[in-house]
Amino acid sequence: MISAPPERVWSWLVAWERAHEWMPRVERLSAIHPDRPLGTGSLLRAQVAGAEVGAAVVRFDPPNALAIRWQHGTSAIVHIYLLDGAGRNTRLTLELARIAGVGGGGLRTPLARLLRDPRAVKRQLSGLKRLVEQPRSGE
């Protein structure tokens with residue numbers, strides 16, 4: 001449970017330039033077309049564990065759900081963030097949907113293992129919780 005309303009948690013989820021602060025092994029995440037409104041179909045690029053990774057927003061329902069499809073070579077996985085608000089708190093869950101690789105290696109590549117690693121998922125959620133719950137200036 002995160003001690004913040006869903007709108008605040010959502011603002012952190014889509015602050016791509018700060019993703020490296022809570023996503024393990026993500027060195028950089030940015031929108032390919034930052035001048036366009038964010039939504040389903042938005043394209044992203046990332047540096048994850050030293051590899052260039054493409055991503056696309058496949059579900060965009062503020063402040064309830066965000067799904068990002070990560071693609072590297074023949075590996076693809078979808079991270080689905082679900083936010084459930086309860087007053088001033090938010091329950092945030094992260095589900096992983098695996099997409100079969102298209103050829104040799106696929107989901108067995110080091111990057112694919114990282115993107116679906118349960119420990120990395122736990123670190124992601126705890127890192128986001130820590131940042132969201134930090135007092136903002138003037139609070």
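This is a short walk through the core, the strand pairing, one buried arginine and the aromatic pairs of this structure.

Keep in mind that the model is predicted. The average pLDDT is 86, and 85% of the residues score at least 70. Confidence peaks in helix H1, at 95. Helix H2, residues 110-116, is the low point, with a mean of 63.

Start with the core. The largest nonpolar core holds 31 residues. Leu29, Leu66, Trp70 and Tyr81 have the most contacts inside it. Which elements give two or more residues to this core? Two helices are on the list, H1 (6-13) and H3 (118-132). The strands on it are S1 (26-31), S2 (43-48), S3 (51-61), S4 (65-72), S5 (75-86) and S6 (89-99).

Now look at Leu29. Leaving aside residues up to four places away in sequence, Leu29 touches Trp16, Glu17, Ala19, Met23, Leu44, Arg45, Ala46 and Trp70.

Next, the strands. S2 and S3 run antiparallel, joined by 6 bridges. Leu43 has Ala56 in S3 as its bridge partner. The hairpin of S2 and S3 has 2 residues between the strands. Ala49 in that hairpin takes a positive phi near 50 degrees. S3 also pairs with S4, again antiparallel, over 7 bridges. Here Gly54 stands opposite Gln71 in S4. The S3 and S4 hairpin has 3 residues between its strands.

On to helix H1, where Arg8 sits. Is Arg8 buried or exposed? Its relative accessible area is 14%, under the 20% cut-off, so Arg8 counts as buried. What does its side chain reach? One partner is the backbone oxygen of Val132, 3.0 Å from a polar atom of the Arg8 side chain. Another is the backbone oxygen of Gln134, at 2.7 Å.

Last, the aromatics. The count is 2 aromatic pairs. In one of them, the ring centres of Trp10 and Phe60 are 5.3 Å apart. Why is this pair edge-to-face? Because the planes stand at 65 degrees, and over 60 counts as edge-to-face. Trp10 is in helix H1 and Phe60 in strand S3, 50 residues apart, so the pair links distant parts of the chain. Trp10 is buried, at 8% relative accessible area. Phe60 is partly exposed, at 23%.

The other pair is Trp22 and Tyr81, with centres 6.1 Å apart. Their planes are at 80 degrees, so this pair is edge-to-face too. Trp22 lies in the loop between H1 and S1, and Tyr81 in strand S5, 59 residues apart. Both Trp22 and Tyr81 are buried. Tyr81 is also among the residues with the most contacts inside the core.

Terms used: Residues are numbered from 1 along each chain as its sequence is written. Side-chain values use heavy atoms; hydrogens and water are left out. A nonpolar core is a set of buried Ala, Val, Leu, Ile, Met, Phe, Trp, Tyr and Cys residues joined through side-chain atoms within 4.5 Å. Buried means under 20% relative accessible area, exposed over 50%, partly exposed in between (1.4 Å probe, protein chains only). Helices (H or I, at least four residues) and strands (E, at least two) are DSSP runs, numbered from the N terminus. Contact means heavy atoms within 4.5 Å. A polar contact is a pair of N or O atoms within 3.5 Å; within protein, one must be able to donate a hydrogen and the other to accept it, and residues adjacent in sequence count only if both atoms are side-chain atoms. pLDDT is the predictor's confidence in each residue, from 0 to 100. Two strands pair if DSSP finds at least two bridges between them. Rings of Phe, Tyr and Trp (its six-membered ring) pair if their centres lie within 6.5 Å; planes under 30 degrees apart count as stacked, over 60 as edge-to-face and the rest as tilted.
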